[in-house]
Amino acid sequence: MPEESRDGYVSQRLLPESGSRNGSNRRETAKPEDPSFSQDQKSKNDLNDGDNGNCPTASEERIATGSAYIGTLIAFEQKQSPNYLEQHFRIAPRVFSPKPGTMVAVEAITDDGRHSRILERVTNAWEVNPHEDAFSSNLREVIPIRTEYAEEGTSTVIYRVATIEPLKEAILDESGNVLEIREVQTLPRAGASVYMATGDQIVEALGLEDNPDRGIYVGVLRGSDVSVILKRDVIQRHMLIVGGIGTGKSYTRGIIAEELCMLGVPQVNIDVNGEMVEAAEELGGINLEPGIDFQLPLSALTADDVINAIPSLNGNMVDLVRHAHEELLKASRKSGNHFLLDELLTKIKETGPDLEMKTVTINPAISRTESLRRIKYLGTPYDWKAVLTPGAFININCKGLLVSDLRIITAAVARDLQRLGQAKEFPFVAFSIDEFHLVTPNNQDSVALQVMRELARIGRHVRIGLILTTQSPQDVDRSILKRLLTRFLHAIEPDQLEALRGVLSDASDDLVKQLPKMPQGTCILTGAYETIRHAIVVQVRKRSTTHGGSTPDIWSDFEAMGWVGKRPISQLEENHE
Ligand SMILES: Nc1ncnc2c1ncn2[C@@H]1O[C@H](COP(=O)(O)OP(=O)(O)OP(=O)(O)O)[C@@H](O)[C@H]1O
Ligand SMILES: [Mg+2]
C-alpha cells in the first residue's frame with residue numbers, strides 16, 4: 001500500500017473563491033517542494049509516530065488521495081463528539097478558516113478494515129485564544145505593559161475549531177480512488193486527519209454531474225474550485241429561486257437560461273420586469289409583447305380560470321358562464337379548433353334560457369364577460385410548436401402590465417403549454433416565471449393558481465419543468481412551493497425563513513442561520529434524492545449574457561445632467577438666483 005502523501009498542505013492561495021468551468025474537479029495541491037509543505041508535513045508526521053489503536057492517524061500505511069490536509073479531528077467532551085451527527089476538528093495553522101458549506105473528508109477505517117473518508121459539511125468555525133478573553137484583554141489595556149504571545153502554530157493554547165456534519169462515507173481503494181459511496185457507517189476516531197474533500201468524492205456524494213457538457217453548470221462549491229454541475233434531469237423536477245431584493249435571484253435565473261439553451265432545452269419565460277430582453281436576443285431567442293406579438297385563445301383557459309378573470313361575477317352568473325365555457329371547450333377539444341370571446345358571449349345568450357335563467361342574470365353575465373374584451377392578448381392561438389425548437393428562448397415581456405393581466409397571461413400560457421405537452425407536441429419545455437408571488441399568492445384565489453398547481457404536481461408527465469423565482473416565499477402558494485425540488489436559496493429576510501421550512505432539505509440549523517447573511521451571488525442549494533442529495537453552498541458563476549436587472553446608477557445619470565455633488569444648504573438658494 002503506498003504511503004499517504006500529505007502533498008496537499010493547503011495554503012490561502014489554494015482555496016480560491018471561484019473556479020474555472022474548464023478546470024477539472026480535482027483539487028490543485030501544493031507539491032512537496034512547496035515551502036509550506038515541508039515544515040507542516042514534518043511536524044504532522046512527528047505527531048503521528050505513536051500508536052493510536054485503530055485510528056488511521058497512527059503510524060500505519062496511508063492512502064494517497066491527492067487532497068489537502070486541513071486539520072485533525074478532536075474529541076470534544078461537551079458535545080460528546082465525535083458522534084454520528086456532529087464532529088469537530090482543529091484547523092491546522094495557516095489554513096484558511098473553512099467557510100460554512102465547505103466539504104471536508106475525515107479519514108477512517110471501516111469495521112472490515114477498509115480505508116474510508118467520511119464526507120462532511122462545515123457548519124461553523126471559531127477560535128480559542130485565552131490571551132484575548134475579556135479578562136486578559138482588559139488587563140492589557142489597564143496595565144500599560146506591552147505583552148506579546150506566540151501565534152497559532154507556535155502557541156500551545158491558540159487554535160481554531162470547526163464543526164462538521166457527516167453526510168456520506170466514501171470507501172477508497174488502495175490508490176485513494178472512490179470505490180463506493182454509502183451512508184455513514186463508520187465513526188472516525190479523534191486524531192484522524194481531515195482533508196479538503198476531492199472533487200470526485202463531492203460529485204459522487206452529492207449526486208452531481210461530472211461532465212459540464214451534459215449538465216447544468218451553476219458555479220463552484222463555496223471555498224473550493226469544485227464545479228457544481230447539476231444533472232440535466234433536474235429540470236423535470238422543477239426549480240425554485242428565492243432571495244431578498246438584490247441578492248442575485250434574476251442573475252441565477254440567467255445562468256440557468258444560458259445552460260438550458262446550451263443543452264437545447266426550449267424555454268418560455270414570463271419576464272415580469274423586462275429583465276431578460278437583452279439576454280433573450282443574445283441567446284438567439286425571441287421577445288414577445290403580449291397583445292402585439294402574440295395572443296392566447298380563450299380556449300386555453302378553463303371555466304374556472306375565465307370566471308376568476310371576470311370581475312364581479314356572482315350567483316347564477318357564475319354557473320351560466322361556466323356552462324357556456326365548458327360547452328365550447330368540449331366542442332373545441334373534439335374539433336381541435338379554438339374559440340373567441342364573441343363565441344362565448346353568443347353561447348351565454350343561447351344557453352341562458354336552457355338553464356332557465358332570466359334576463360336579470362343573462363344580461364349582466366354578458367356585460368361582465370364583455371370586460372374580457374379589454375384584454376388585448378386574448379385572441380387567436382400562438383403557434384408554440386413553430387417556435388419551441390431545440391434551444392429556443394421565448395421571452396414574454398410583461399413589463400408595465402397590471403398584476404391582473406400578468407396572472408391571466410401566465411394562466412393562459414401555462415394552459416396552452418400543458419395542452420401541447422399532454423398531446424406530446426414538443427419533447428419538453430422549461431416554463432419560468434419571475435416575481436412568482438405576484439402570480440399565485442398564498443391563501444388567495446387567482447386565475448393562475450389551478451394550472452400552476454397542476455403543473456407543479458404533474459408537470460413532468462406533461463413535459464413541462466417550472467423555474468419559479470420569488471423574493472417572498474411567504475406569499476407563494478405552499479403546495480406549489482414544496483414541489484419545486486431544486487432550490488437556490490439566496491440571502492433572505494429571517495421572517496421569510498418559516499415559509500422555506502419544507503424546502504431546506506438537510507441544511508443544518510447553523511447553515512440556515514447563515515442564510516440571511518449570504519453574500520450576493522452565493523446561495524444554499526438544496527434538493528431531493530433525485531436532484532441534489534445534500535444542501536451545499538454555491539458561489540454562482542459569472543454570466544455570459546447581459547444581466548438586465550441591475551439597479552440603475554442614478555448618481556452617474558445626475559452627473560451627466562450637470563449635477564456637481566452634495567453642497568451646503570447655504571449654497572442651494574443660489575440655484576434659484
Ligand atoms: N453570481 C453573481 N456574480 C456576480 N454578480 C452577481 C451575481 N449574482 C448577483 N450579482 C450582482 O448582484 C446584483 C443583483 O442581482 P439580481 O438583479 O439578480 O438580484 P435580484 O435578487 O433579482 O434582485 P430583485 O429582487 O431586485 O429582482 C446584480 O446586478 C449583479 O451585479
Ligand atoms: Mg430580480
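## Strand E14 and its surroundings

Both faces of strand E14 are covered: Val429, Phe431 and Ile433 are buried on one side, and Ala430 and Ser432 are buried on the other. The model is predicted. This briefing starts at E14, moves to its partner strands, and ends with the whole chain.

**Burial of E14**

- E14 spans residues 429-433.
- Five of its five residues are buried, so the strand is largely enclosed by the rest of the structure.
- In a regular strand, side chains alternate between the two faces of the sheet.
- In E14, one side carries Val429, Phe431 and Ile433, while Ala430 and Ser432 belong to the other.

**Partner strands**

- Strand E11 covers residues 267-271 and runs parallel to E14.
- Four bridges join E11 and E14.
- Gln267 has Ala430 of E14 as its bridge partner.
- Strand E15, residues 464-470, also pairs with E14.
- That pairing is parallel and has five bridges.
- Here Phe431 has Leu466 of E15 as its bridge partner.

**The link from E14 to E15**

- Helix H12 takes in residues 449-458.
- Together, E14, H12 and E15 form a β-α-β unit.
- The unit is right-handed.

**The whole chain**

- The chain has 577 residues, and 45% of them are buried.
- Its secondary structure comprises 17 helices and 18 strands.
- Take the contacts between residues at least 6 apart in sequence: 74% of them join residues at least 24 apart.

Note on methods. Residues numbered from 1 in each chain as written. Chains lettered and ligands numbered in written order. Predicted model: local features only at pLDDT ≥ 70, side-chain atom pairs only at ≥ 80, totals over all residues. Buried ≥ 20, exposed ≤ 12 C-beta atoms within 10 Å, placed from the backbone. Helix = DSSP H or I, 4+ residues; strand = E, 2+ residues; numbered from the N terminus. Pairing = 2+ DSSP bridges. Right-handed = clockwise from strand over helix to strand, strands pointing away. Contact = placed C-beta atoms within 7 Å.
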